[in-house]
Amino acid sequence: MRAVGLGRTNTMEGLIRRVLAIQFVQYFLASLAALMVDMGTFVVFLNIGVTPGLAAAIGYSAGIGVHWAIVSRSVFAAGTATRGTARTQQKALFLITALAGLALTTGIVTLADALALNVIVSKGFAVAVSFVANYLARKHLVFRLPRSA
């Protein structure tokens, strides 16, 4: 099947490959994997009686390690430092962005709980806010490529 208007040799498979090569799409898929860990952990902790804000924090924290492992090796591999001080600084910046996302997530879910709103829906909203904030920070700060002279 040929994709209409995308050039004479482009197939649907080629279009899918090009879409998957887009950094934002790759980041989204990596985030989805981390989110599965995050949400699974969140629900487990809710079910054992942990408060929603703390459960959100624990779930988000569990997703951080998964996210680093994926994005530093695939999505932002070209901008990932390999060793030394640069690597340590990059990990620190990644952790800072993760903690900012954690603060957003925890704050949104805790506020929703205090307002007697659905904590699952609020967690979904918090995920979206954190996703956009972290993508922008990581793309432009943590994994930015050096500018060529």
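**Close-up views of helices H2 and H5 and the largest pocket**

**View 1. Helix H2 in the predicted model.** Helix H2 comprises the 25 residues 23–47, and at 1.5 Å a residue these should span 36 Å; the C-alpha atoms at its ends are 36 Å apart, so the expected span and the model agree. Just after H2, Gly49 adopts a positive phi of about 95°.

**View 2. The buried residues of H2.** Tyr27, Ala30, Ser31, Ala34, Asp38, Thr41 and Phe42 are the buried residues of this helix. An α-helix has 3.6 residues a turn, so residues three or four places apart point the same way. The cover over the buried residues of H2 includes helix H3 (52–75) and helix H5 (119–142).

**View 3. The largest pocket.** This pocket holds about 310 Å³ of space. Its lining consists of 19 residues, and Ser31, Ala34, Tyr60, His67 and Ser130 lie nearest the centre. Two or more lining residues come from each of H2, H3, helix H4 (84–114) and H5. H2 gives the largest share of the lining, seven residues. By character, the lining residues divide into eleven nonpolar, six polar and two charged.

**View 4. Helix H5 and its N-terminal end.** Asn118 caps the N-terminal end of H5, where a side-chain oxygen of Asn118 lies 2.7 Å from the backbone nitrogen of Ile120. Among the buried residues of H5 are Val119, Ser122, Lys123, Ala126, Ser130, Asn134 and Arg138. The buried residues of this helix pack against H2, H3 and H4. Ser130 thus appears in two views: Ser130 is buried in H5, and Ser130 is also one of the residues nearest the centre of the largest pocket.

Methods
Residues numbered from 1 in each chain as written. Predicted model: local features only at pLDDT ≥ 70, side-chain atom pairs only at ≥ 80, totals over all residues. Heavy atoms only, no water. Helix = DSSP H or I, 4+ residues; strand = E, 2+ residues; numbered from the N terminus. Expected span 1.5 Å × (residues − 1). Buried < 20%, exposed > 50% of the residue type's maximum accessible area, 1.4 Å probe, protein only. Contact = heavy atoms within 4.5 Å. 1 Å grid on protein atoms, 1.4 Å probe; cavity = no way out; pocket = protein on both sides within 12 Å on 5 of 7 lines; lining within 4 Å. Points joined across faces, edges and corners; volume = space filled by probe spheres on them. Nonpolar A, V, L, I, M, F, W, Y, C, P; charged D, E, K, R; others polar. Polar contact = N/O pair within 3.5 Å; in protein donor to acceptor, adjacent residues only side chain to side chain.
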